[in-house]
Amino acid sequence: MKKTLLLALLIVTTVLSARSQTANYKVYAIRFASSAYPFTVADWAKGGPKTDSVKINFMVWLIRGNGRNILVDAGFLNDIEDAGDFKIYGYTRPDSALLKLALKPGDITDIILSHPHWDHIDGVGLFPNAHIWIQKEDFNYFVSTAWQKGEHNGGFAKRDVRMMVDLNLAGKVTLVNGDDQEIIPGIKVFTGSRHTFNSQYVLVSTGANKVVLASDNIWIYYNLEHLLPAADGGTLDPAGYVRAMQRMKTMVTNVKYIIPGHDAQVFSRFPAIMDGIVEIK
């Protein structure tokens with residue numbers, strides 16, 4: 001009887017310990033560039049006002065805990081051709097931006113790619129030890145179908161295709177198969193907004209709260225606050241984009257923990273760790 005009770009206690013303790021270990025993450029937003037282009041809300045939110053301006057940042061997100069340093073998206077190198085259209089200023093290479101947190105490029109263990117647009121994927125090669133997580137359907141479209149006549153390859157860079165194929169050949173890519181997948185303990189990915197063929201967003205357990213890193217599945221706060229889809233070209237499924245935002249709201253205790261992909265307000269809504277870095281808490 002004593003042995004049975006001890007075994008039961010051991011099992012319960014082990015389960016509780018495992019659960020507590022999955023809820024240790026801290027989440028940071030890290031700005032590495034800004035745009036000087038005079039964007040309006042209407043440029044980012046379909047049906048939004050054309051008279052209201054919006055400040056656009058480029059950022060990556062860092063998830064730290066359980067022996068891992070995980071990036072959501074990897075930013076871009078400043079020599080990529082499309083970057084010029086955004087009138088980039090204040091650029092710091094993403095790996096250099098992480099040095100502010102005493103993280104070297106080799107310290108990054110994983111990169112979760114929300115989607116393969118150049119401003120989110122081009123910097124993957126900066127992190128030599130990272131394992132890459134991307135949706136299977138998104139990857140397959142990116143490296144093959146997107147380049148066929150009549151398909152959608154806007155925002156994709158051929159050099160990033162070659163890079164991802166090489167990383168896949170090297171065994172450094174996991175293709176995530178669909179919605180609601182726990183890819184790392186305490187970290188799940190979800191699909192549905194179709195910003196690209198099958199883009200994904202990330203739900204992180206921090207213990208006290210859960211955080212949704214939406215990336216471009218929500219472009220700016222106005223999309224979320226007014227449940228408006230991305231402006232033309234920002235999604236293959238406007239209704240799905242809105243449904244995804246509605247779903248995200250059910251995942252968190254407070255909508256402030258849903259983080260859009262490009263809104264500069266992220267860096268005024270959360271406590272600053274240092275210039276260009278805030279902790280999502």
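What is the volume of the largest pocket? It is about 580 Å³. The model is predicted. This briefing covers that pocket, an open sheet of 5 strands, a helix packed on the sheet, and Arg-269 in helix H8.

**Largest pocket**

- The lining of the largest pocket comprises 26 residues.
- Nearest the pocket centre lie His-117, Gly-154, Gly-155, Trp-219 and Gly-233.
- By class, the lining holds 11 polar, 9 nonpolar and 6 charged residues.

**Sheet layout**

- The strands of the open sheet follow the order E8-E9-E10-E11-E12.
- Pairing within this sheet is mixed.
- E8 and strand E12 (258-260) are the edge strands, since each pairs on one side only.
- From one strand to the next, the twist averages 25°.
- As a rule, strands of a sheet pair through backbone hydrogen bonds, in either a parallel or an antiparallel sense.

**Hairpin of E8 and E9**

- Strand E8 spans residues 181-184, and strand E9 spans residues 187-191.
- The two strands pair in the antiparallel sense, over 3 bridges.
- Glu-182 stands opposite Lys-188 in E9.
- The hairpin has 2 residues between its strands.
- Gly-186 in this hairpin takes a positive phi, near 85°.

**E10, E11 and the packed helix**

- Strand E10 covers residues 200-205, and strand E11 covers residues 210-215.
- E10 and E11 run antiparallel and are joined by 4 bridges.
- Across this pairing, Val-204 stands opposite Val-211 in E11.
- Helix H7 (residues 238-251) packs on the sheet.
- H7 touches four strands: E9, E10, E11 and E12.
- The direction of H7 makes about 5° with that of E10.

**Arg-269**

- Arg-269 lies in helix H8, which spans residues 266-269.
- Is Arg-269 buried, partly exposed or exposed? Its relative accessibility is 38%, so Arg-269 counts as partly exposed. That value falls between the 20% limit for buried and the 50% limit for exposed.
- Which residues does Arg-269 touch, leaving aside those up to four places away in sequence? They are Tyr-221 and Glu-225.
- Arg-269 and Ile-121 are 148 residues apart in sequence. In space, their C-alpha atoms are 26 Å apart.

Terms used. Residues are numbered from 1 along each chain as its sequence is written. This is a predicted model: local features need pLDDT of at least 70, side-chain atom pairs count only at pLDDT 80 or more; totals for chains, interfaces and linings use all residues. Side-chain values use heavy atoms; hydrogens and water are left out. On a 1 Å grid over the protein atoms alone, a cavity is a set of points where a 1.4 Å probe fits but cannot get out, and a pocket is an open set with protein on both sides within 12 Å along at least five of seven lines; lining residues have an atom within 4 Å of a point. Grid points are joined across faces, edges and corners, and a volume is the space filled by probe spheres set on the points. Ala, Val, Leu, Ile, Met, Phe, Trp, Tyr, Cys and Pro count as nonpolar, Asp, Glu, Lys and Arg as charged, and the others, Gly among them, as polar. Two strands pair if DSSP finds at least two bridges between them. Axes are lines fitted to C-alpha atoms, for helices over the stretch in contact, and angles run from 0 to 180 degrees between N-to-C directions. Contact means heavy atoms within 4.5 Å. Buried means under 20% relative accessible area, exposed over 50%, partly exposed in between (1.4 Å probe, protein chains only).
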